[in-house]
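Reader: Could you take me through one part of this model up close, and then show me how the rest of the packing looks around it? Plain bench talk is fine.

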Amino acid sequence: MADNNKYNVEEAEALAKRALHLPIAQATPIYEQLLSLYPTSARYWKQYVEAQMAVNNDDATKQIFSRCLLNCLQVPLWQCYIRFIRKVYDKKGAEGQDETTKAFEFMLNYIGTDIASGPIWTEYITFLKSLPALNSYEDSQRLRKVYQRAILTPTHHVEQLWKDYENFENSVNRQLAKGLINECQPKFNSARAVYRERKKYIEEIDWNMLAVPPTGSSKEEIQWVAWKKFLSFEKGNPQRIDTASSTKRIIYVYEQCLMCLYHYPDVWYDYADWHVKSGSADAAIKVFQRALKAIPDSELLKYAYAEMEESRGAIQSAKKLYESILGASTNSLAHIQFLRFLRRAEGVEAARKYFLDARKSPSCTYHVYIAFATMVFCLDKDPKVAHKIFEEGLKLYMSEPVYILEYADFLTRLNDDRNIRALFERALSTLPAEESAEVWKRFIQFEQTYGDLASILKVEQRRKEALSGKGEEGSTPLESSLQDVISRYSYMDLWPCSSKELDHSARQELLVKNLDKKVGKTNLPHGPAAIGTVASSSKVVYPDTSQMVVYDPTKKSDLASSANPMAASASNTFPNIVTSTTTATATHGSANTFDEIPKTTPPALLAFLANLPIVDGPTPNVDVVLSICLQSDLPTGQNVKQSFAAKGNASSQNDPSGPTRSGSQRLSRDRRATKRKDSDRQEEGDTATVQSQPLPTDVFRLRQMRKARGISTSSQTPTGSTSYGSGFSGELSGSTG
């Protein structure tokens, strides 16, 4: 792609403004510099040509118009062109009138379908009316044809042109006028309806946008979408005009689109592909040639161009394009695609000769060996030659795991189990342990297919020994586990256990790996306190709950505006976790801290989710994630729910904007005190309530109930209380008193 650094739009605008105030001799180099970078900017071309016209440089003006007119189909520039023509020829009598008429026809042939071309149609009609009446019948016929072309074009001035046409017909012959007008009325109605639809698409387009290579900005994407919509609209032929006229309009829109999206390969390709589908291969070739001039470094466009040439039988043209890619590129893909092209166009012998040369190139990699060997084996049915190619490449790429696996696939197709084992043994004896994981995996899969049980178990044990200590989570246990059996007896997407058992096994394996780090240093505690230790040994990162925001329905809009979209999405995914955590924050935090929480953006939940441990095996479901969350020391669900409900009720009663505003104002202080006492009694009875409830069947709520029971039974005196610690730190304080 072109170098984006030289396309500085702000600097270009500053240069264009500066050129306006300079003499033409000093301004010319500036304009040439600008237009070399932005050759499709009609605005800069217009400014340049007007500067030449202002000093009557007619020759320079003509030269500029010849460079820009056909590539910049924009009405203001063409209006400047017709002004110049009329300035030159208006005083030359009949000869000048003929030249001016030709200029108008030339202009309308190119931009007459533009939605902004109404003034040009009007100016042309006015010019024709001003000509000396040599033959009134011929003149009226010429004017009638121009009018009828104008009223069929969806432009901003289509209704005014229709009124002028009615007046014209009535002035010529009232008897014929009615029939002619009735005949044209439906066509005019269709043009007017299409104009109203077209206007909606036109209004979304920025016509002054400079053509720069795509940077991915939102403005560029909006313009790309706007042009795609406009093109789709015109391709649908909404006016139901003839094919030739519809094709002309579509070409015009594509050309206008390229004025803004000049450096977009997809637009050029769409334009050429549309020509091909319309049956105009020659036009498609011209589009591809212009595209490669606009974006000379685009390999994609070259491949697309070569593909089109090959599909229509122009083999030599396609071959030249492939050779140009090879001349500009040094990657293996160019070699591979040329090999495939030669195989299709000239046969396997031509491809073989090129392969012998390509393998000597410094840019040749193992990909070229794999591609040619596969081609020989699959297309030419010659396994011996393919085997020789793989063996030749193995001398160079024994340290490439991908090459080993591709070679193994080839031998598998030949059902050559002896050579496959030999290949794996040779490769694993040289590959570093950190790069051999995939090869070991494929070796085990091979043994599961071809070997006996003893060989399967032997290779699995060798793999564990080879990869021990090389994983991210430390040393791999050498003991067998049920996870090994699951792996051994699964096939494709078929598993020897339920998804729940699979998730459970994967989580157990993760916990074993993580717990193994701490076994040599500390003894794992037992009982309720063990949960916190498990969490710390599993590298579970606790969230910074001081940054969390307490959910309050009455302040929903404020929370939505303060939180970023990702945090909002995360809170929707784990509503129970957020509610329990934030309620604990409100319960244990001070009043000042509570007031400050809604004022800050809450990144804590995102940090918590980002630091969840990686689980090997299938993606865990929500239950697994909840089980990890339960390792943190949060209040039980009943305490949280009742505490949050109490605060929610208090908040709604004290909120002057709520629906119970008048009722809350009428409450007496005694009644409020009574409510607070009732709430305190309810909170004091939480533990008893939890103990008296029947056990739920949900395993995770069961774990919460057990935690609550363990804490409540640990009280030694009637006045004893158990604290879960600070809601901001998330640590279990274990204080009793």
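**A buried asparagine, and the helices beyond**

Author: Asn237 is buried, with a relative accessible area of 17%. That falls under the 20% cut-off, so the residue counts as buried. Keep in mind that this is a predicted model. Asn237 sits in the loop that links helix H11 (218-235) to helix H12 (243-260). Its backbone is a bit unusual too: phi is positive, about 50°, although Asn237 is not a glycine. Most residues other than glycine have a negative phi. Asn56 also has a positive phi, about 60°, and is not a glycine either. Asn56 is again in a loop, this time between helix H3 (42-54) and helix H4 (58-68).

Now along the chain to the stretch with a repeat annotation. An unreviewed UniProt entry lists residues 265-298 as "repeat: TPR". In the model, that stretch is 79% helix and 0% strand, and its end C-alpha atoms are 8 Å apart. Take helix H14 (residues 281-294) as the piece to look at here. With 14 residues at 1.5 Å a residue, H14 should span 20 Å, and its end C-alpha atoms are indeed 20 Å apart, so the two agree. Its buried residues are Ala284, Ile285, Val287, Phe288, Ala291, Leu292 and Ala294. What covers them includes helix H13 (265-277), helix H15 (299-311) and helix H16 (315-328).

Next, the nonpolar packing. The largest nonpolar core has 92 residues, and the members touching the most others are Trp227, Leu261, Trp268, Leu339, Phe372 and Tyr403. Helix H19 (residues 366-378) gives this core its largest share, ten residues. There is also a second, separate core of 63 residues, with Tyr44, Cys80, Ala177 and Met259 among them.

Tyr403 deserves a closer look. Setting aside residues up to four places away in sequence, Tyr403 touches Tyr366, Tyr369, Ile370, Ile389, Phe390, Gly393, Leu394 and Tyr397.

Last stop, helix H22 (residues 417-430), which holds Ala427. Ala427 has 0% relative accessibility, so it counts as buried. Beyond its neighbours within four places in sequence, Ala427 is in contact with Met398 and Ile404. Met398 is 29 residues away from Ala427 in sequence, yet their C-alpha atoms are 6.4 Å apart in space.

Conventions:
Residues are numbered from 1 along each chain as its sequence is written. This is a predicted model: local features need pLDDT of at least 70, side-chain atom pairs count only at pLDDT 80 or more; totals for chains, interfaces and linings use all residues. Side-chain values use heavy atoms; hydrogens and water are left out. A nonpolar core is a set of buried Ala, Val, Leu, Ile, Met, Phe, Trp, Tyr and Cys residues joined through side-chain atoms within 4.5 Å. Buried means under 20% relative accessible area, exposed over 50%, partly exposed in between (1.4 Å probe, protein chains only). Helices (H or I, at least four residues) and strands (E, at least two) are DSSP runs, numbered from the N terminus. Contact means heavy atoms within 4.5 Å. UniProt positions are given in the numbering used here, feature names are shortened, and annotations may be inferred rather than shown by experiment. The expected span of a helix is 1.5 Å times one less than its number of residues.
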